[in-house]
Structures are given as structure tokens and as C-alpha cells.
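Me: Please take a close look at one helix contact and its aromatic rings. Keep it brisk, and give the cut-offs.

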Amino acid sequence: MPQDGGEGKQGEEAENMAAWLLGIKTLRIQPYNLPPLGPHDVKVQLKAVGICGSDVHHFKTMRCANFIVKKPMVIGHECAGIIEEVGSEVKSLVAGDRVALEPGISCQKCDLCKEGRYNLCLEMKFFGSPPTNGSLANKVVHPASLCFKLPDNVSLEEGAMCEPLSVGVHACRRANIGPQTNVLIVGAGPIGLVTMLAARAFGAPRIVIVDVDDCRLSVAKDLSVDEAIQVSTNIEDIGEEVARIQNAIGSEIDVSFDCVGFNKTMSTALNATRAGGKVCLVGLGQSQMTVPLTPTAAREVDVIGIFRYRNTWPICIEFLRTGKIDVKPLITHRFGFTQEGVEKAFETSAHGSNAIKVMFNM
């Protein structure tokens, strides 16, 4: 069930603490009272929580796209922890189980939910997306059906990384990535890198990644991308850069993922993709974009979008268990759950040029 920061709880629950976003660049660790444990819920003691780009947007501007923070809100949604207590009807989990949490609670009643596209549910209650409180806390109460048990060889940090990895997995599913799909990734930030890892796990034989930041490209190289190309922010450079990208991949690009979401990045992806290919828009850097679609239509390039993910935790955990995907190199910074640690972590994530994934060890 969604978390409620109500008042009046006594005893143990009153001691639960969370990081509350109170204003622009203002975070405070304060008490966070949990709702009663429902019959189908579990109480989780959180151990690893990552910072997402949307968390940074909320931290810097009190909004992310059309989601606006209008009252104090607990932040965070990438998380894993240990089951402390289970509801009376929970049979799949027991106290002591290590779990990764899927952060969105859909209504399960609307047409989209019934179709299995629950990520598009208009009534979604998603950790750390206003007005729903998030998971940067000592403990949360969450539906047992959204808590996935981790194998012994998958750490809690890796469990928390299932959330960003799910974005890449969902994107690859939407684009039908397979062993005959050559891929371009535009943007080597955290989501671009997990999309690259997912594409490789789905069998993509050749992957090229581009970014303006050489530091992030070096991380992609360490993760064994086939080619990493530094590009500019100048939209007039698209023609030359597309030629470099196509030459680097050595064959036609079947699918491009724009993991940034700017006019220039989308134009690059559209121009670089072969006729009859696909462009998947993953990043939402601009709320509105203006791109040349007429040439794209003439070449029958399909443009698809994604929003978060659905039914991805089991496959993410399996990729991690088997070693088909290794997310550990993406965790570049770690902080403790203290007032100073929270402030430094968010400043690092917002401004650190070498920060890929900032993780809290709770």
C-alpha cells in the first residue's frame, strides 16, 4: 500500500526515519510513520537505495516532467532490503528474505491493467513520484507481490539496481532486440548503460554508444561496448556524426535507443537508423521536441516510446544470477544514511561528472 507520513504513531513506527524533500535542494531526515501492515503486505528493512535521475530532478526543481512536488515527500524508489514482517495472507515470503522491490502499485482494475500494461495505469502509486512517498527510509510497507526474492549470489545493491535495469530490459523488449539486431545507444548515462547491458544480454551482436562526455564513454568501454563515440551538442554536426556512427558499426543500425531525449539526440537516432528500422525513445530530457519526421516516415522508421517497465524483475534477477549482466561497475559512489550523507549523495549525483550510480548503504 502507499506510504503515508501521518502523525500520531507511537513506539517502533515513530522511530522509522526517511529523507524528506522539503523544498528545492532541501532534504531532511525526519520521522516517517508507516501504515498498518495489510494481510497481503510485507514490512521491509531497506538496505540499499539508489539515486535516479528523476530523484535529482525533484531535488533540483521540485518536479520531473509533469510530476510536481507540492508538499513534503519522501524521495527515492530504487531499493532492496530484508523482510522484517509479513501480512497474514502472505505465503511467498518470510521474515529474513532478501528482496528487491518494484516501486509502482497499479490499480489492477482499469483496462490498461487488465491488458497487462499496468505501467501505464493512470492511478499508479509510485515510490517517490508525487504525491506518493518514496523509499529512502529505514523501513517501508509494500505489497508482497511487488517484492522479489534475491538468490544468494545477488547482493542487495544489485537488487536495488533491478529498477534502472528494468528500464533497459523493457526498452529492449519493446524494440524486439535479438541476435540479428545491431544497436545504437544515444547517451551513456545510467539508463543508456543499462540499456546497453540489456541489449547485449538479449543477443545484440554489435552495439555503438555515443555521448558528449568522455568520462561516461570510458565506462561504456570498460563494459565492453563495441564502439564508443564522443559527439557534440551542436545540432549542425548531426550529418557528420551520423556518418561516423554508421561507419563505426560496420553495418546498418537496426534499432536506436535515445536515452537522453533532446532535439539533437532524437534527430541523430532517426537519421542513423536504417530504413525499416526502429527508434525507441527512452529518455525524456525535454518535455517537447521538434524533430524532422517527414524523412523518417519516408523510410518507414518506427518510433516507439517506453514508460518505466512491466513484468521485468524476474528476468533482471535471472540476468544478475547467471552473470549475463553485471551492474556492479555502474555503482560509482556510496553514502551512509545520515543527514550529511544524504546531502553529499544528492550533490554528487546532481553535479559529479564521474557519478554513474550513487547508492545508499542503509
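Reply: Here is the helix contact, followed by its rings.

This is a predicted model, where local features need pLDDT of at least 70, side-chain atom pairs count only at pLDDT 80 or more, and totals for chains, interfaces and linings use all residues. Residues are numbered from 1 along each chain as its sequence is written, and side-chain values use heavy atoms, with hydrogens and water left out.

Helix α1 covers residues 53–61 and helix α11 residues 339–351. Both are DSSP runs (H or I, at least four residues), numbered from the N terminus. They pack at about 105 degrees, axes 10 Å apart. Axes are lines fitted to C-alpha atoms over the stretch in contact, and angles run from 0 to 180 degrees between N-to-C directions. So α1 is roughly perpendicular to α11 (65 to 115 degrees).

Which residues make the contact? From α1 come Asp55, Val56, Phe59 and Lys60; from α11 come Phe346, Glu347, Ser349 and Ala350. Contact means heavy atoms within 4.5 Å.

Now the rings. Phe59 and Phe346 have centres 5.2 Å apart and planes at 45 degrees, so the pair is tilted. Rings of Phe, Tyr and Trp (its six-membered ring) pair if their centres lie within 6.5 Å; planes under 30 degrees apart are stacked, over 60 edge-to-face, the rest tilted. The pair links Phe59 in α1 to Phe346 in α11, 287 residues apart. Phe59 is buried at 3% relative accessible area. Phe346 is buried too, at 1%. Buried means under 20% (1.4 Å probe, protein chains only). Phe360 joins Phe59 and Phe346 in one aromatic cluster.

Technical notes:
Helix = DSSP H or I, 4+ residues; strand = E, 2+ residues; numbered from the N terminus. Parallel < 35°, antiparallel > 145°, perpendicular 65-115°, else oblique. Buried < 20%, exposed > 50% of the residue type's maximum accessible area, 1.4 Å probe, protein only.
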